[in-house]
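Here is a structure to explore by question and answer. Where should a new reader look?

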Amino acid sequence: MDLKFRLPCGLVLSAALMSAEPMHAIGNIFKPLGTPAERVADLSILTLVICAAVFLIVASLLAYAVIRFGYREGDSRSEPPQVYGSNQVEIAWTVIPILIVFVLSMSAARVTSAVQDQKMPQDALNITVIGHQWWWEFRYPDQKIVTANEFHVPLSTEALHKLTHLTLLSADVAHGFWIPQLAGKTDVIPNRTNTMWIDPKEPGVYLGNCSEYCGTQHAKMELRIVVDTPEDFQKWVTAQQAKAVPASPENQRAFLTGTCFACHTITGSPAMGKLGPDLTHLMDRQTILAAEVPNNAANLRDWIQDPQRLKPGNKMPKVKLTDKQLDQIVAYLTTLK
Ligand code: CUA
């Protein structure tokens with residue numbers, strides 16, 4: 001069932017979202033669009049080139065020995081002469097690997113410290129990322145914004161460097177935060193604060209995912225980051241800071257009389273739950289369920305009706321609702337722009 005669902009869903013998702021903003025492919029560390037990712041890609045290429053050279057040399061010598069010195073018709077079956085103690089050979093096969101390991105580890109240490117030691121400028125954007133089973137929470141402490149699974153950051157250009165500093169926390173188990181085209185993976189560990197930074201160099205939507213096994217839904221813990229021009233980013237911030245105004249108080253009441261409010265916050269309404277994603281500007285997001293399905297009324301309805309159908313194993317409880325209540329709740333949610 002899973003595969004059948006995933007395939008069309010993925011296609012629909014790409015088709016529906018490709019038109020809006022440029023999409024940057026997932027998982028491609030060889031097309032970096034940010035400084036930390038560029039350094040990681042350079043290091044990966046250096047490592048691959050050195051390993052490929054080692055492989056070619058060893059494999060060629062091996063092939064040469066097999067072909068040149070293999071058994072031939074008419075050879076005697078006796079053991080060949082045994083050679084012991086060649087200083088030259090022993091020095092060569094000790095020193096060369098040590099040099100290779102030294103070069104690789106020093107290059108890795110240099111990249112790691114260059115990325116880690118980056119000074120954060122005063123105007124860096126601060127975001128706290130909180131990993132949950134199985135979704136991402138994004139808090140902007142200075143802007144007083146909370147969102148989930150999709151977040152916006154400003155573009156960083158040659159003319160205007162704009163760094164985004166991420167503080168990584170976990171609400172439950174170990175997760176891994178990874179946007180391959182922007183930076184390397186960083187673990188998200190309970191009771192530990194990790195940090196990283198990004199400076200996306202092209203606008204558009206980037207995909208990321210949880211890179212550390214964290215339970216049943218690990219594979220469906222994806223995220224999307226939208227990189228905006230500074231003006232668009234400012235517009236987004238202003239829109240996010242607004243409180244939700246219910247278009248229909250009756251529909252809002254349906255949400256509040258269900259148990260939804262116990263887990264979800266909608267700023268401007270009495271709903272102040274903290275367990276699930278903040279829904280104040282739900283319809284600003286292109287996807288729901290941690291970037292799994294497009295965010296539309298049909299999927300929202302399907303999701304609320306039986307959360308286990310679209311994302312088996314997740315922690316959202318199934319709430320008994322009449323068709324009318326369900327329609328009202330979906331109608332309310334789709335007004336949260
Ligand atoms: Cu969270 Cu894997």
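The turns below cover the pockets, one helix and the nonpolar cores.

Reader: What kind of model is this?
Author: Residues are numbered from 1 along each chain as its sequence is written, and side-chain values use heavy atoms, with hydrogens and water left out. Local features need pLDDT of at least 70, side-chain atom pairs count only at pLDDT 80 or more, and totals for chains, interfaces and linings use all residues, as this is a predicted model.

Reader: How much space lies in the largest pocket?
Author: A pocket is an open set of points on a 1 Å grid over the protein atoms alone, where a 1.4 Å probe fits, with protein on both sides within 12 Å along at least five of seven lines. Its volume is the space filled by probe spheres set on the points, with points joined across faces, edges and corners. For the largest pocket, that is about 790 Å³.

Reader: Which element gives the largest share of the lining of the largest pocket?
Author: Lining residues have an atom within 4 Å of a point. Here there are 37, and His264, Gly276, Pro277, Trp303 and Met316 lie nearest the centre. Helices (H or I, at least four residues) and strands (E, at least two) are DSSP runs, numbered from the N terminus. Strand E12 (287-288), helix H8 (323-333) and helix H6 (297-305) each supply at least two lining residues, and the largest share, three residues, comes from H6.

Reader: Which residues lie nearest the centre of the second largest pocket?
Author: This pocket holds about 450 Å³ of space. Its lining has 19 residues. Helix H2 (35-69), helix H3 (87-116) and strand E9 (194-198) each give two or more of them. Nearest the centre are Thr112, Val115, Gln116, Thr186 and Thr195.

Reader: Against which element do the buried residues of H5 pack?
Author: In helix H5 (residues 249-257), Asn251, Gln252, Ala254 and Phe255 are buried (under 20% relative accessible area, 1.4 Å probe, protein chains only). They lie on the same side of H5 because they cover an arc of only 150° around the axis, taken from the directions to the C-beta atoms. The face turned away carries Arg253 and Thr257, both exposed (over 50%). The buried residues pack, with heavy atoms within 4.5 Å, against H8.

Reader: How many residues has the largest nonpolar core?
Author: A nonpolar core is a set of buried Ala, Val, Leu, Ile, Met, Phe, Trp, Tyr and Cys residues joined through side-chain atoms within 4.5 Å. Among those with the most contacts inside the largest core are Trp136, Phe151 and Phe177. The largest core has 31 residues.
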